[in-house]
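Colleague: Could you take me slowly through the nonpolar interior of this protein and the aromatic rings that go with it? I would like the cut-offs stated as you go.

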Amino acid sequence: TIPARLAQIEKIRDSYDWHKRLWECFPHNPDSKRDFLTRIDYQENHIILWIASVRQPLCPSWCPPECFKVKEIARSFFEHKRYAFDLVANPTKKLPVYGPDGKSLRQSKRIALVKKEDLQAWLERKGQERCLDAQGNAVTGGFCLSPHHPLEISPVVEEYFRKPGHKGVHGGVRFRGILEVTDSQSFIDTYTHGLGSAKSFGFGLFLLAPLTN
């Protein structure tokens, strides 16, 4: 948690600026593949920054040491069957792109999902859809939404960013509810790698609270 005025002093204006600054938590491997998730929560007078990583982050020079804390997640944390969750994601779907001859091109474009029914279906699908892991094994997201509790979906918030030679926008959606784990290892993988697109811009990180009843 840092004072909001610190971001102003450091000229951190958007999600791309945070994307660069949070890299500084891993100074020993600046050229490695990004293997951590982040989330930025803006409060009235302060900003809460979350990082989930298999590597231990270090306090960057611009962050006051008293504002930086590291907590290791024990393996036992993932042994529960139900969790309350808070997720800010960038839900999208891919649309094919067609050439002048009407044939589908290899590339596709992403469009944001905005309707509540589409957003809920997207999250449900992410928990159940099958994909291949790094070893080529078919796995699922490892979770489903609890049928006994409503899913809270906040309105889409557009987050504009600018980087050299490009500017764009991501649609951030906050989901809150209760999930049930259907496959423990797959769920750990989902937590580790995040959900949805634009993960390097602060999306896709689950905040979890185990439920015991």
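Modeller: What follows begins with the conventions, moves to the interior and its rings, and ends with some loop residues.

This is a predicted model, in which local features need pLDDT of at least 70 and side-chain atom pairs count only at pLDDT 80 or more, while totals for chains, interfaces and linings use all residues. Residues are numbered from 1 along each chain as its sequence is written, and side-chain values use heavy atoms, with hydrogens and water left out.

The largest nonpolar core has 26 residues. A nonpolar core here is a set of buried Ala, Val, Leu, Ile, Met, Phe, Trp, Tyr and Cys residues joined through side-chain atoms within 4.5 Å, where buried means under 20% relative accessible area, exposed means over 50% and partly exposed lies in between, with a 1.4 Å probe and protein chains only. The residues with the most contacts inside this core are Phe 85, Leu 123, Phe 175, Leu 179, Phe 206 and Leu 208. At least two of its residues come from each of strand 4 (82–89), helix 3 (116–128), strand 9 (143–145), strand 12 (166–181), helix 4 and strand 13; helices (H or I, at least four residues) and strands (E, at least two) are DSSP runs, numbered from the N terminus. A second, separate core of 15 residues includes Leu 6, Ala 7, Cys 25 and Cys 63.

Taking Phe 85 by itself, and leaving aside its neighbours within four places in sequence, one finds it in contact (heavy atoms within 4.5 Å) with several residues, among them Leu 123, Leu 145, Leu 151, Phe 175, Leu 179, Phe 206 and Leu 208. Phe 85 also belongs to one aromatic cluster, together with Phe 77, Phe 78, Tyr 83, Phe 143, Phe 187, Tyr 191 and Phe 206.

The structure holds 14 aromatic pairs. Rings of Phe, Tyr and Trp (its six-membered ring) pair if their centres lie within 6.5 Å, and planes under 30 degrees apart count as stacked, over 60 as edge-to-face and the rest as tilted. Trp 23 and Phe 36 have ring centres 5.2 Å apart and planes at 90°, so this pair is edge-to-face. Because Trp 23 lies in helix 2 and Phe 36 in strand 2 (residues 36–42), the pair ties together parts that are 13 residues apart in sequence; both Trp 23 and Phe 36 are buried. Phe 143 and Phe 206 form another edge-to-face pair, at 5.8 Å centre to centre with 80° between the planes. Since Phe 143 lies in strand 9 and Phe 206 in strand 13, their pair ties together parts that are 63 residues apart in sequence. Phe 143 is buried, with a relative accessible area of 2%, and Phe 206 is buried, with a relative accessible area of 2%.

The loop between helix 4 and strand 13 holds Ser 197, which is buried at a relative accessible area of 13%. The side chain of Ser 197 makes a polar contact with that of Asn 90 at 2.8 Å, a polar contact being a pair of N or O atoms within 3.5 Å where, within protein, one must be able to donate a hydrogen and the other to accept it, and residues adjacent in sequence count only if both atoms are side-chain atoms. In that loop between helix 4 (184–193) and strand 13 (206–211) lies Ala 198 as well, buried at 16%, with a positive phi near 60°. Most residues other than glycine have a negative phi.
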